[in-house]
Amino acid sequence: MRRLALMMFSDINFLTMEESYSENLTPEPDPLSVPKVIGLTGGIGSGKTTVAHFIEEFGFPVYYSDDRAKTIVNEDNGLRLKITELLGNEAYDAHGLYNRKTVAEKVFNNNDLLHRLNEIIHPAVRIDFENWLQRQTKYLVFKETALLFELKLNRECYKSLLITAEDNIRIKRVMDRDNKTYREVQTIMEKQMPEKDKVRLADCVIHNNTNIDDLKDQTEKVIFGIE
Ligand code: ATP
């Protein structure tokens with residue numbers, strides 16, 4: 001179910017430069033003033049959110065794709081309309097809030113519906129990210145998304161940063177965090193891209209197998225080492 005939610009809430013691509021800047025009206029952007037986007041990713045329980053918070057502590061902005069998706073499905077009326085057209089009024093509850101559980105149930109065994117839902121949500125998140133990016137002033141910004149490699153978003157990033165940890169450690173951490181059973185976490189994990197494939201694709205890797213202090217140290221070294 002977690003994977004399902006992530007699939008529903010992860011965006012696809014940034015606008016291309018051609019799309020972002022119209023032909024004659026807008027001057028060419030100064031490449032030095034465009035922030036470099038680092039894609040931050042990791043499987044379930046890897047510690048990517050913890051790392052994202054450290055990154056913010058170190059003064060760099062982080063765009064949380066999944067969190068933003070959860071917000072815009074409620075705030076963007078155009079999006080709400082499209083989702084309702086696809087899934088019916090029950091996609092939103094009596095208070096008008098997006099009903100994740102109902103939506104997840106509807107699309108769980110229906111790949112076509114899931115695909116069509118993603119085609120509605122992903123572009124909206126992409127635009128939201130672009131708007132966010134334009135407001136950033138730091139030279140480095142981070143985009144946290146669980147599906148960086150699955151959706152090939154790494155191709156749109158300056159670099160990718162993967163957080164990984166041994167399976168048993170990740171399972172234990174998620175069991176503690178979410179009150180799930182070993183098997184439940186393992187099932188989610190098995191549906192995600194294998195860690196070895198992610199490690200192969202990533203530009204930078206943080207191995208989060210020890211403790212929080214070590215994770216913070218590694219994060220600091222990696223982000224200030226990005227050239
Ligand atoms: P998900 O994709 O499932 O949301 P995540 O990759 O964002 O997970 P976190 O939520 O950052 O992972 O971490 C999972 C849990 O493990 C959290 O409860 C976090 O506090 C804990 N944790 C992360 N890293 C460490 C560590 N080095 N030592 C101890 N606990 C950790």
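**Notes on helix H8 and its surroundings**

1. Starting with the side of H8 away from its buried residues: Asn168 and Asp176 are exposed there. Keep in mind as you read on that this is a predicted model.

2. What about the buried side? Arg170, Ile171 and Val174 are the buried residues of H8. Looking down the helix axis, these buried residues fall within an arc of 100°, so they line one face of H8. That buried set packs against helix H9 (182-191).

3. The geometry of H8 checks out: at 1.5 Å a residue, its 12 residues should span 16 Å, and the end C-alpha atoms are indeed 16 Å apart. After the helix comes Asn179, with a positive phi near 60°.

4. On to Met189, which sits in helix H9. Is Met189 buried or exposed? Neither, quite: Met189 is partly exposed, because 19 other C-beta atoms lie within 10 Å, while a residue needs 20 or more to count as buried. Setting aside neighbours within four places in sequence, Met189 is in contact with Gly43, Ile44, Asp167 and Ile171. Asp167 is 22 residues away along the chain from Met189, yet their C-alpha atoms are separated by 8.4 Å.

5. Now the ligand. There are 16 residues around the ligand, and Gly47, Thr49, Thr50, Arg173 and Arg177 come nearest. The elements that give two or more residues to this shell are helix H3 (48-57), helix H8 (167-178) and helix H11 (212-225). By class, the shell has five nonpolar, eight polar and three charged residues.

Definitions and conventions. Residues numbered from 1 in each chain as written. Predicted model: local features only at pLDDT ≥ 70, side-chain atom pairs only at ≥ 80, totals over all residues. Near = placed C-beta within 6 Å. Helix = DSSP H or I, 4+ residues; strand = E, 2+ residues; numbered from the N terminus. Nonpolar A, V, L, I, M, F, W, Y, C, P; charged D, E, K, R; others polar. Expected span 1.5 Å × (residues − 1). Buried ≥ 20, exposed ≤ 12 C-beta atoms within 10 Å, placed from the backbone. Arc of directions from axis to C-beta. Contact = placed C-beta atoms within 7 Å.
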